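Biologist: I'm new to this one. Could you pick a single part and walk me through it closely, starting from the overall layout?

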Amino acid sequence: MSSGMAACTEYRERLLDHVMGAPPAAELAAHLKSCPACASESKRRQVLGTELDAELRRLANPDAPAYLAARIASHQRPAPAWGARVAIAATLLAVIAVGAWLVNARRESQTAEAAAAISGWRSPTASLLLPPSQPIYKESSHE
Ligand SMILES: [Zn+2]
């Protein structure tokens, strides 16, 4: 086995296998214990490997990241709910307006019918109170 920087270079090449999940060989493990530089490099690569793994999992995960899901929830969900509320309110207003119009139209129609009935109706008392000069009483009046 070589020693010094050459050995470290060789071990650091073997670190890749260690980072990818393979347990370090006894020789490499012994070198990592005795060489702070390689041990530090091993930890750095393990951190990078963990970050790479997390990144790969994130990219492979079809589900949106939590922050994106939260953003979608905060922006998209209230919008349809708001729109639905507006649609319901508009529908209710339309129903109320049409209902009020129908009631009003019916009331006006009834009022017109009642007015027509009243205008066409002659009270006998009103006829009796007519002045005698009225033609209708010329025939049957006391005069
Ligand atoms: Zn080393």
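Modeller: Sure, and one term to begin with: helices here are DSSP runs of H or I with at least four residues, while strands are runs of E with at least two. Keep in mind that this is a predicted model. On that basis the protein chain has seven helices and zero strands, so the pattern along the sequence is simply α-α-α-α-α-α-α. Buried residues account for just 6% of the 143 residues in the chain.

Let's zoom in on the nonpolar core. The largest one has five residues, namely Y11, L15, L28, L32 and C38. Two elements, α1 (5–19) and α2 (26–34), each give two or more residues to this core. Take L32: beyond its neighbours within four places in sequence, L32 touches P24, C38, A39 and S42.

Now look at C8, which sits in helix α1. C8 is partly exposed, because 17 other C-beta atoms lie within 10 Å and being buried takes 20 or more. Setting aside neighbours within four places in sequence, C8 is in contact with C35, A37 and C38. C38 is on the contact list of L32 too. As for C8 and L32 themselves, they are 24 residues apart along the chain, with 9.4 Å between their C-alpha atoms.

Finally, C38 falls within helix α3, which covers residues 36–60. From first C-alpha to last, α3 reaches 35 Å, close to the 36 Å expected for its 25 residues. Of those 25 residues, two are buried, so α3 lies largely in the open.

How values were computed: Residues are numbered from 1 along each chain as its sequence is written. This is a predicted model: local features need pLDDT of at least 70, side-chain atom pairs count only at pLDDT 80 or more; totals for chains, interfaces and linings use all residues. The expected span of a helix is 1.5 Å times one less than its number of residues. A residue is buried if 20 or more other C-beta atoms lie within 10 Å of its own, exposed if 12 or fewer, and partly exposed in between; C-beta atoms are placed from the backbone. A nonpolar core is a set of buried Ala, Val, Leu, Ile, Met, Phe, Trp, Tyr and Cys residues joined through C-beta atoms within 7 Å. Two residues are in contact if their C-beta atoms, placed from the backbone, lie within 7 Å.
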